Amino acid sequence: MDMRKVLCFNFSVARSEPLDALRSLDWTIFSTGDLNEAKNLIDHHRLNVGMVFFGSLRETGLSAINDLFTARRSMEWIALLAPEALNRPDVCELISRRFYDYHTLPLDPERLQLTLGHALGMAHMLERSTACSDHKHEEEMVGCSPASLKLFRTIKKIAAIDAPVLIIGESGAGKESAAVSIHRASARCDKPFIKVSCNGLPPDVIQSELFGYAKDRHNRTQRPTKGRLEAAAGGTVFLDDIGNLSGDLQADLLNFIREKTIRSGNGTPETPIDVRIIAAAQTDLKPAVADGGFGEDLYLQLKSLTVNIPPLRERQDDIELLAKHYLRLFANGDGCPVQGFEPEALKAMRRYDWPGNIRELISRIKRAMVMCEGSSITSADLGLNDCHPKFANTLDHLMTLEEAKDQTEKEIIQLALQVTENNISRAARQLAVSRMTLYRLMYKHQIRSHWVEESLGIAARK
Ligand SMILES: Nc1ncnc2c1ncn2[C@@H]1O[C@H](COP(=O)(O)OP(=O)(O)O)[C@@H](O)[C@H]1O
Ligand SMILES: [Mg+2]
């Protein structure tokens, strides 16, 4: 069987001449500009390598192609683009995160052929490695919102600095995932990552968990056992809910961070231990420091590398991607009758507030897959059909009339774009406004802002 098959996804259907160079390649090329067809081709031919030709990038938002990347995990991607495209930060960001390599026009078929061969080799490697650890996808962080892309960049930067980290975020927002990602991207990646929760356990239990011994009531040391810090030697210890650590333990931890040693029993010498501490809290610790609940010195040690993980409701662009990612993961490829989401379900997910963040999204998708009677998940399957928390008549959530109008305006524009598959003229006609008004409203509501900005001639703001 010939393995040299490659998908060429053509973003710019209007311009295909640069791709003529591909004809001379010794590869079978499946070319399309349609996202669904691309996904079908990937599935059907079990493609391992894909190319994305970015063309002029005017027609479509970049986020649309995120769908391609979830189609088949072990696929490697090569970007083909005009040299000017490299001036765009969002393009560079996407390429550095998602692509194996990039080639600029005019294409050099010989060099491209070489890259394709390497990419195929890497894809096979990836396939083999993911076959060995099938829990891996479940831990992968995905996201395409500006906040997520910033988070991924921060994780990469912080991984390279060997110092304590503080991660702040609501429950289920991805603190532990971020900690794992930092560990995996760091030089400590082949050493242990160990989690210790500082919540719900008595201080002496946490003490012995961490340091491997406990003081009894008379402050004598009990029989020494190996603690988590020692077990993680060379690696990372993730201290979840650090805000709940008792005062004594805060002092011990501060001492450990400063001295990098522990005393594993009474009279025993200090043992040097090299462990990176990553701590997590659900809210900023500053107020706790101010009212004396959290030690200022420990806070200062931790806070210099702080990662803030925004709640899911502030990362609207991630919701659909995450939902599809998890549906695909749980459906496990073939055979599962549930294949996608009804548009109204996607809309309900966008409107919902997600107090439990990504963890809640995962459990709602699992629930929906059980409840779903057709091939597409509905808002009712997700348990979101009669939920309108933003409009809800609860004390903290009631909107002002102005906010509600704004919200409705944004939603109806998004719906019109969805229905017309982002055809601006048709969407404008549908909404009975001019194209220019629609562009302005899209800009106002930050809907696909980068190409709206281009169309309006507004320079992208930093
Ligand atoms: N960016 C992400 N992409 C995909 N899944 C994520 C992402 N962030 C978190 N998750 C998943 O969401 C769930 C909750 O994340 P977790 O890191 O445990 O949150 P926290 O520690 O803030 O409570 C986990 O199942 C995790 O794998
Ligand atoms: Mg957690």
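**Exercise 1. Overall composition**

What percentage of the 462 residues in the protein is made up of buried residues?

*Solution.* The model is a predicted one, and the criterion needed for this step is that a residue is buried if 20 or more other C-beta atoms lie within 10 Å of its own. By that criterion, buried residues make up 30% of the 462 residues. The secondary structure of the protein consists of 19 helices and 14 strands. Turning to the contacts with a separation of 6 or more, one finds that 69% of them are accounted for by residues 24 or more positions apart.

**Exercise 2. The surroundings of ligand 1**

Determine which residues surround ligand 1, and where the ligand lies with respect to domain 2 and domain 3.

*Solution.* Begin with the shell, in which 16 residues surround ligand 1, the closest being Met-141, Gly-174, Lys-175, Glu-176 and Ile-358. Next, sort the shell by class, which gives six nonpolar, six polar and four charged residues. Then assign the shell to helices: α7 (175–185) and α15 (357–371) each supply at least two of its residues. Finally, consider the domains: domain 2 (146–309) and domain 3 (314–393) both give residues to the shell, and therefore ligand 1 lies between them.

**Exercise 3. An open sheet**

Work out the strand order of the open sheet of five strands, and identify which strands stand at its edges.

*Solution.* The order is β7-β8-β11-β6-β12, and the pairing is parallel. Because β7 (193–197) and β12 (306–309) each have a single partner strand, they stand at the edges, and one side of each is left without a neighbour in the sheet. Neighbouring strands of this sheet are turned by 20° against each other on average, with direction ignored. At the β7 edge, the partner is strand β8 (residues 236–240), which runs parallel to β7 and is joined to it by five bridges; within this pairing, Val-196 has Leu-239 of β8 as its bridge partner.

**Exercise 4. Strand β4**

Is strand β4 (residues 76–81) largely enclosed by the rest of the structure or left open, and with which strands does it pair?

*Solution.* Consider burial to begin with: six of the six residues of β4 are buried, so the strand is largely enclosed by the rest of the structure. Glu-76, Ile-78 and Leu-80 point one way, whereas Trp-77, Ala-79 and Leu-81 point the other way, and all are buried. For the pairing, β4 is joined in the parallel sense to strand β3 (residues 49–53) over five bridges, with Trp-77 as the bridge partner of Gly-50. Four bridges also join β4 to strand β5 (residues 101–104), again running parallel, and here Ile-78 stands opposite Asp-101.

Conventions:
Residues numbered from 1 in each chain as written. Chains lettered and ligands numbered in written order. Predicted model: local features only at pLDDT ≥ 70, side-chain atom pairs only at ≥ 80, totals over all residues. Near = placed C-beta within 6 Å. Nonpolar A, V, L, I, M, F, W, Y, C, P; charged D, E, K, R; others polar. Domains from an automatic or database assignment. Buried ≥ 20, exposed ≤ 12 C-beta atoms within 10 Å, placed from the backbone. Contact = placed C-beta atoms within 7 Å. Pairing = 2+ DSSP bridges. Axes fitted to C-alpha atoms, helices over the stretch in contact; angles between N-to-C directions.
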